[in-house]
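Grab the viewer and work through these exercises at your own pace. Each one sets a task and then walks through a solution.

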Amino acid sequence: MPLEEFTAGLALVDHHVHGAFAETLTRQEFEEALNEGSPGPVPPGTTQLDSQVGFAVRARCAPLLDLPAHASADAYWARRAELGDLAVAARLLPAAGVDHWLVDTEHQGERLLSPAELARTGGGAAHRIVRLEALAETLAAAGTSAASYADDYRDLLRAACRDAVGVKTIAAYRTGLDLDWSRPRDADVREAARRWLAAAGPAPRLADPVLVRFGVHCAVGLGLPLQIHTGLGDRDLDLRRADPLLLLGLLRRPDVMAVPVMLLHCYPYHRGAGWLAQAFENVYCDVGLAVNQVGARAPAVVAESLELAPFAKLLYSSDAFGPPELHFLGAALWRRAAAAAARAWVAAGDWSEPDARRVIAMVGRENALRAYRL
Ligand SMILES: [Zn+2]
């Protein structure tokens, strides 16, 4: 089977994804949700779709809504509004060709399809990823005390992980990754909890470095794959402090080396992440989110992700959140990019075509099935 056809037909494991919107969007909400949150207004005569991701929507999603490829932003919006959000999702989600969705449910979960609804609409099976910082915030909202914080957190984590396939930390957003990654002592956890709970208020947000580290170390003790947000995100992030190379102190710990560590997004630090995946036998990486945002440049980014990382250590993810366009595009752009990169190496005599098919199946599917024990 030709490489392109093989790649197009491969069922993917999307190992880091969020729900699709379950609500009706305004045009402004739709356009802003496509990028990493740069809100309008945009200059007259332009739209948020004047970007690589916007052009990719017009090129690749429009035909699935019965429009010609490259339909204008106005025509795309008009057709989208005519169909309705759930009908658009019913067309785009199955077209992603994903048969396992590993869903982070924490961020704005009430606006999104649940994992079960995502799987029902998109096909395949959904699995849950537990977000570590959210558990701390649940405890704070429930009025836990500083004295019982450590035990309460461990109990809640254990219960939350019973039906989960992995855990995730957004330390990059909350503290930056340049932390002392040693395991905090119980006395330090108690003192940090006392300070944080006293100041937490009605909508607690965990940004205390001791408690963030504590959550990560508790999770490592459970042995589930640990997803770590690295690289790009929205403007709440200090991107300089999201370089995965800042995780060396964590990755060198023997207990951490015993669990799979999944570096998410990584871009623009994906080459450093590739080195980590080569240097540490338990480290994996992806270029999720970036593939959507760079659109037509996805072949370059995916090719770069295939430089240093061993092929058994790369994963596919869309990191789609909100518009189902992103769930579909992540898959469509990754398929095209992976096939284009591999095709060039086959043509140059560097890879054989059977090897190319094998690598694409590993990255798109098999590595995640193995690492997450799906
Ligand atoms: Zn995400």
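**Exercise 1. Into which domains is the protein chain divided?**

Before you start, note that this is a predicted model, where local features need pLDDT of at least 70 and side-chain atom pairs count only at pLDDT 80 or more, while totals for chains, interfaces and linings use all residues. Residue numbers run from 1 along each chain as its sequence is written.

Step 1. Mark domain 1 as 3-22 + 96-371 and domain 2 as 25-83; bounds like these come from an automatic or database domain assignment.

Step 2. Check the spacing: 27 Å separates the C-alpha centres of domain 1 and domain 2.

Step 3. Look at the contacts, where two residues count if their C-beta atoms, placed from the backbone, lie within 7 Å. Here 19 residues of domain 1 are in contact with 13 residues of domain 2.

Step 4. On the side of domain 1 that touches domain 2, the elements giving two or more residues are α14 (290-294) and α16. Helices (H or I, at least four residues) and strands (E, at least two) are DSSP runs, numbered from the N terminus. The largest share of that side, six residues, comes from α16.

Step 5. Sort that side of domain 1 by class, and you get 10 nonpolar, five polar and four charged residues. (Ala, Val, Leu, Ile, Met, Phe, Trp, Tyr, Cys and Pro count as nonpolar, Asp, Glu, Lys and Arg as charged, and the others, Gly among them, as polar.)

**Exercise 2. Describe helix α16, then zoom in on Gly 330.**

Step 1. Helix α16 covers residues 324-347, which is 24 residues. From first C-alpha to last, α16 reaches 35 Å, close to the expected 34 Å; the expected span is 1.5 Å times one less than the number of residues.

Step 2. Ask how enclosed α16 is. A residue is buried if 20 or more other C-beta atoms, placed from the backbone, lie within 10 Å of its own, exposed if 12 or fewer, and partly exposed in between. In α16, 18 of the 24 residues are buried, so the helix is largely enclosed by the rest of the structure.

Step 3. Find Gly 330 in α16. Gly 330 has 27 other C-beta atoms within 10 Å, so it is buried.

Step 4. List what Gly 330 touches, leaving out residues up to four places away in sequence: Gly 288, Val 291, Asn 292, Ser 318 and Ala 320. The C-alpha atoms of Gly 330 and Asn 292 are 5.5 Å apart, although 38 residues separate the two along the chain.

Step 5. Go just past the end of α16, and you meet Gly 349 with a positive phi of about 85°.

**Exercise 3. Which way do the residues of strand β5 point, and which strands pair with β5?**

Step 1. Strand β5 takes in residues 226-230, and five of its five residues are buried.

Step 2. Leu 226, Ile 228 and Thr 230 point one way, while Gln 227 and His 229 point the other.

Step 3. For pairing, DSSP must find at least two bridges between two strands. Strand β4 (residues 164-169) runs parallel to β5 and is joined to it by three bridges. One bridge partner couple is Thr 169 and Ile 228.

Step 4. Strand β6 (residues 261-265) also pairs with β5 in the parallel sense, over five bridges. There, Thr 230 has His 265 as its bridge partner.
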